[in-house]
Amino acid sequence: MRTVSLILATESDMKGVATWIGHPEILRWLGTAFKVTTPSHGDSDLDGQPRGHVRTVRLVVRDHDRAQPPVAYACAAIYGTPAPGTVVGATEPEDAEYTAPFHASVMYAVRPDCWEDRIGTALVPALLKHAELAEAAVFLAGIDSKNEGSRKVAEGAGFVAEPDAPATGHRMYRFTR
């Protein structure tokens with residue numbers, strides 16, 4: 001089985017990712033409104049409980065040729081439970097306090113010329129084990145039901161479709177530690 005090393009993305013890495021993330025087939029699954037440089041900082045909920053955005057972690061997989069853009073990109077938005085007295089969305093993120101349990105909303109993409117290299121199969125398990133995401137107890141990934149490759153990658157890493165997920169369209173997958 002292939003292994004990959006995820007590293008924190010630099011500004012240069014993000015510029016490299018931006019050169020391929022706009023590929024029509026990638027945008028088909030991520031959505032045409034997806035912007036690699038502006039991840040959502042909105043609020044979330046987990047099992048009906050409001051959560052506030054704590055931070056965003058951007059990671060890349062590089063190959064040996066550093067002149068090439070990263071071969072894969074993963075992003076995780078970390079959300080936490082508001083500390084007593086914190087009103088979700090009412091304060092600036094840096095002023096809010098959040099506690100466990102934390103969850104991470106994740107997305108991932110592989111550079112088009114590397115789709116047959118099984119990078120995604122190695123990427124998602126590495127993402128779940130990454131030290132920057134150690135506090136997350138639950139990982140959520142929205143996957144279009146027609147995106148067979150991403151669904152297989154997520155399920156292979158242990159993600160399970162939410163029980164109330166529709167059979168078609170956008171489905172939410174969950175991984176719990």
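These legends accompany several views of a predicted model.

**View 1. The whole chain and its order of elements.** Let's start with the full fold: the chain carries 4 helices and 8 strands. Read from the N terminus, its elements follow the order β-α-α-β-β-β-β-α-β-α-β-β. Of the contacts between residues at least 6 apart in sequence, 66% link residues at least 24 apart.

**View 2. The surface and what it covers.** About 9600 Å² of the chain is exposed, with carbon and sulfur atoms supplying 53% of that area. On the inside, 44% of the 177 residues count as buried.

**View 3. The largest nonpolar core.** In soluble globular proteins, nonpolar side chains tend to be buried together. Here, the largest nonpolar core holds 35 residues, and the members touching the most others are Val106, Tyr108, Phe139 and Phe159. Two or more residues each come from strand 3 (49-61), strand 4 (72-82), strand 5 (98-110), helix 3 (119-129), strand 6 (136-144), helix 4 (148-156) and strand 8 (170-176). Helix 3 gives the largest share, 7 residues.

**View 4. A closer look at Tyr108.** Which residues does Tyr108 touch, leaving aside those up to four places away in sequence? Its partners are Leu30, Tyr73, Ala74, Leu123, Val124, Ile143, Ser150, Val153 and Ala154.

**View 5. The second core.** A separate core of 10 residues has Trp20, Ile21, Val60 and Tyr73 among its members. You have met Tyr73 already, as one of the residues that Tyr108 touches.

How values were computed: Residues numbered from 1 in each chain as written. Predicted model: local features only at pLDDT ≥ 70, side-chain atom pairs only at ≥ 80, totals over all residues. Heavy atoms only, no water. Core = buried A, V, L, I, M, F, W, Y, C linked by side-chain atoms within 4.5 Å. Buried < 20%, exposed > 50% of the residue type's maximum accessible area, 1.4 Å probe, protein only. Contact = heavy atoms within 4.5 Å. Areas by Shrake-Rupley, 256 points an atom, 1.4 Å probe, with all protein chains shown as cover.
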